[in-house]
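The following exercises are to be worked through with the sequence and the structure at hand. Each task is followed by a solution in steps.

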Amino acid sequence: MITWAPPAEITYGTSLSQTQLNASLNVLGICVYTPAVGTVLGAGAQTLSVTCTPTDTTTYSSMTSEITLTVNPALLTVTANNTTRIYGVPNPAFTAIYSGFVNGDTAAVLSGAPSLITTATSSSPIGTYPIAAAAGTLSAANYSFIYVDGILSVVQNALALPAAGYISTVAGGGTACSGK
């Protein structure tokens, strides 16, 4: 008889180990697991299987057992990039960075895009405005998301200096600019 208690939930990126694959047989024998130790399973309900073959195959026959393991999604942080723009200019396209990938994953496992919005418009006064990060259409099979807002800084346009030859010294030590 095989005894195998359902294991505790794990998080995507955790390799299967003897903690999850710990069935026992009430007679001497060998147990083979599917999937094997070291396998990384996708998020969701996963079926684990074991086939145990007793050493004494004359008295006992092979047995198979299955249990369900819950694999939780890993957490991925989505952070809106801080950006700066000049007063009077439209907002740029906002971007985000992702951190927390596991199992060698990259942004290639993502589909869609986060929502990155601000209340600032081209006529908003100089100052800072939050860039709110939210789900939008972003999704990934093995990840859930944490969103971190960014900051849009609206700055004053630097004054343009007159071109060479347009500045002259005025009596009394001042300068005058002439326009052409």
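**Exercise 1. Strand E13 and its sheet**

Determine which side chains of E13 are buried and which are not, and then place the strand in its sheet.

Solution. This is a predicted model, and the side chains along E13 alternate between two faces. On one face lie Gly150, Leu152 and Val154, which are buried. Ile151, Ser153 and Val155 point to the other face and are not buried.

The next step is to find the neighbours of the strand. E13 belongs to an open sheet of four strands with the order E8-E13-E11-E10 and mixed pairing. Its edge strands are E8 (83-86) and E10 (115-117), each of which pairs on one side only. From one strand to the next, the twist averages 25°.

The pairings can now be taken in turn:

- E8 and E13 run in the parallel sense and share four bridges; Arg85 stands opposite Val154 in E13.
- E11 and E13 are antiparallel, with five bridges; here Ile131 is opposite Gly150 in E13.
- E10 and E11 are likewise joined in the antiparallel sense, over three bridges, and Leu116 faces Ala133 in E11.

**Exercise 2. The other four-strand sheet**

State the strand order of the open sheet that contains E5 and E6, and explain why E2 and E4 count as its edges.

Solution. The order is E2-E6-E5-E4, and the pairing is mixed. E2 (10-11) and E4 each have a single partner strand, so one side of each is left without a neighbour in the sheet. Inside this order, E5 and E6 pair in the antiparallel sense over nine bridges. Thr47 stands opposite Thr68 in E6.

**Exercise 3. The disulfide**

Find the disulfide, describe its geometry and decide whether each of its cysteines is buried or partly exposed.

Solution. The structure holds one disulfide. Its partners are Cys31 and Cys52, with an S to S distance of 2.2 Å. The link is right-handed, with 105° about the S-S bond. Cys31 is in strand E4 and Cys52 in strand E5, 21 residues apart, and the pair thus links distant parts of the chain.

For the accessibility, the cut-off for a buried residue is under 20% relative accessible area. Cys31 has 25% relative accessibility and therefore counts as partly exposed. Cys52 has a relative accessible area of 0%, so this residue is buried.

**Exercise 4. The nonpolar core**

Identify the residues that touch the most other members of the largest nonpolar core, and name the strand that gives the most residues to this core.

Solution. The core has 35 residues, of which Trp4, Leu48 and Phe145 touch the most other members. Several strands give two or more residues to the core, among them E5 (44-54), E6 (63-72), E11 (127-134) and E12 (143-148). The greatest contribution comes from E7, with four residues.

The surroundings of Trp4 may then be listed. Leaving aside residues up to four places away in sequence, Trp4 touches residues including Leu21, Tyr33, Leu48, Val50 and Ile67. Its contacts also include Gln20, Asn22, Ser49, Ser65 and Glu66. In soluble globular proteins, nonpolar side chains tend to be buried together.

**Exercise 5. An aromatic cluster**

Work out how Tyr12, Phe101 and Tyr143 are arranged.

Solution. There are four aromatic pairs. In one of them, Tyr12 and Tyr143 are edge-to-face, at 5.6 Å centre to centre and 80° between the planes. Tyr12 lies in the loop between E2 and E3 (24-25) and Tyr143 in strand E12, so the pair ties together parts that are 131 residues apart in sequence. Both Tyr12 and Tyr143 are buried.

The rings of Phe101 and Tyr143 have centres 5.7 Å apart and planes at 80°, so this pair too is edge-to-face. Phe101 lies in the loop between E9 and E10, and its pairing with Tyr143 in E12 ties together parts that are 42 residues apart in sequence. Phe101 is partly exposed, with a relative accessible area of 25%, whereas Tyr143 has 5% and is buried. Tyr12, Phe101 and Tyr143 form one aromatic cluster.

**Exercise 6. Backbone features in two loops**

Describe the peptide bond from Thr34 to Pro35 and the phi angle of Asn103.

Solution. The bond from Thr34 to Pro35 is cis, with omega near -5°. Pro35 is in the loop between E4 (29-34) and E5. Asn103, a residue other than glycine, has a positive phi near 60°. Asn103 lies in the loop between E9 (96-99) and E10 and is partly exposed, with a relative accessible area of 44%.

Definitions and conventions
Residues are numbered from 1 along each chain as its sequence is written. This is a predicted model: local features need pLDDT of at least 70, side-chain atom pairs count only at pLDDT 80 or more; totals for chains, interfaces and linings use all residues. Side-chain values use heavy atoms; hydrogens and water are left out. A nonpolar core is a set of buried Ala, Val, Leu, Ile, Met, Phe, Trp, Tyr and Cys residues joined through side-chain atoms within 4.5 Å. Buried means under 20% relative accessible area, exposed over 50%, partly exposed in between (1.4 Å probe, protein chains only). Contact means heavy atoms within 4.5 Å. Two strands pair if DSSP finds at least two bridges between them. Axes are lines fitted to C-alpha atoms, for helices over the stretch in contact, and angles run from 0 to 180 degrees between N-to-C directions. A disulfide is a pair of cysteine sulfur atoms within 2.5 Å. Rings of Phe, Tyr and Trp (its six-membered ring) pair if their centres lie within 6.5 Å; planes under 30 degrees apart count as stacked, over 60 as edge-to-face and the rest as tilted.
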